[in-house]
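Subject: Structure handover and notes on its cavities

Dear colleague,

I am passing on the structure below, and I would be glad if you kept it open while you read the notes that follow.

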Amino acid sequence: MKSTWPILLLCCSVGAYAADPVGSPTQLEAGLVNPGAIDKPAWFKESFLDLRDDIKEATAANKRVVLYFYQDGCPYCAKLIQDNFGKQSITDKTQQNFDVIAMNMWGDRTVTDVTGKETTEKTFAADLKVQYTPTMLFLDETGKVVLRVNGYYAPDKFELALDFVAGKHDKEGSFKDYYTKLKADGKAIATTAAPTYTLPGALPQPLRLQDSRKDSKRPLMVVFAQQDCETCDELYNDIFKRKELAYSLSNLDLAQADPDDTTIIQTLDGKEMKLSDWAKSLEIKYSPSLLFFDANGKEVFRTEAYFKAFHTHGAIDYVVSGAYQWMPEFQRYLQHRREALAEHGFPANLME
């Protein structure tokens, strides 16, 4: 009998390109590894990268496929391997429910996608429109995305994402709906975060975005953050309070939004709706998420994962500088930024 289990693609990836970007890993001689390389767990599946066959094999074993796109030197990939897969409960759950296949996001190995199209690892990553490391795409048995996780999730929330797909809860609603229900039932992640968050200079509440920005030529950054959120607490009470971040934030219009708030707001295009409905229409799944809009109200970039100061600062400057218009690959921008800072005598600590 054919299984109806969905497929999970876990893509630890950043934007991929037709040619290797500056500073990207290059092909090495046998026996050598790239700087920053981290060993993948031995239980990852060896695959010929024909996703059709991988899906059939996983389905026959009542499992899903996990495609793990990695990049040497990526600190968030290292956290995923060491912190997440270093927990026995996550390792056991993943091995029981998924076949994990590693792909080099800069690689040239041939990949056959679910439609039978042959491509390369790096082109496949680009087709998935991933922008930073890691990105997870959860697909059902037809190849439809049922959950997209851009970036690193801490172990507790990562395990909830596995549960969401493993239990086929996508049939009942979104991951946000699933998480909200767990929270209401007292089964969600317990935190000790600050009860409120304040961003100096933010637009007044309730938000009247079209009216407030009528004469503004600055980009807009909307911070979607929920209460009782440890990563939001770190963003507001550490990262946003750093001097260098304050300089960059001064170049933006700023707005705060709780994705669960039912207050009526005015959106950028002048619509009156509940803030929670606006968040849903924007497919906000993670707190904190930073959404960036240009002066015309068009979304141009977003982050929706756990990031430390270097990547958060980089995301803000990526938009403020307009680099997103001529360098669509955020990772290429970050790589150049990191190298330029090092040349000026300021080596970046990606996890500070």
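To follow the notes, it helps to know that a cavity is a set of grid points where a 1.4 Å probe fits but cannot get out, and that its volume is the space filled by probe spheres set on those points. Please also bear in mind that this is a predicted model.

The structure holds four cavities of 30 Å³ or more, and the largest cavity among them has a volume of about 100 Å³. Its lining includes Thr 231, Glu 234, Leu 235 and Ile 239, and also, from further along the chain, Pro 288, Tyr 306 and Thr 312. Helix α8, which spans residues 230-237, gives the most to this lining, with three residues. When the lining residues of the largest cavity are sorted by kind, seven are nonpolar, three are polar and one is charged.

Glu 234 deserves a look of its own, as this lining residue lies in helix α8. Leaving aside residues up to four places away in sequence, Glu 234 touches Ile 239, Tyr 306 and Lys 308. Glu 234 and Ala 309 are 75 residues apart in sequence, and their C-alpha atoms are 9.9 Å apart in space.

The second largest cavity has a volume of about 60 Å³, and the residues that line it include Lys 157, Lys 176, Lys 285, Gln 226 and Tyr 286. Its lining divides into four nonpolar, two polar and three charged residues.

With best wishes

Conventions. Residues numbered from 1 in each chain as written. Predicted model: local features only at pLDDT ≥ 70, side-chain atom pairs only at ≥ 80, totals over all residues. Heavy atoms only, no water. 1 Å grid on protein atoms, 1.4 Å probe; cavity = no way out; pocket = protein on both sides within 12 Å on 5 of 7 lines; lining within 4 Å. Helix = DSSP H or I, 4+ residues; strand = E, 2+ residues; numbered from the N terminus. Nonpolar A, V, L, I, M, F, W, Y, C, P; charged D, E, K, R; others polar. Contact = heavy atoms within 4.5 Å.
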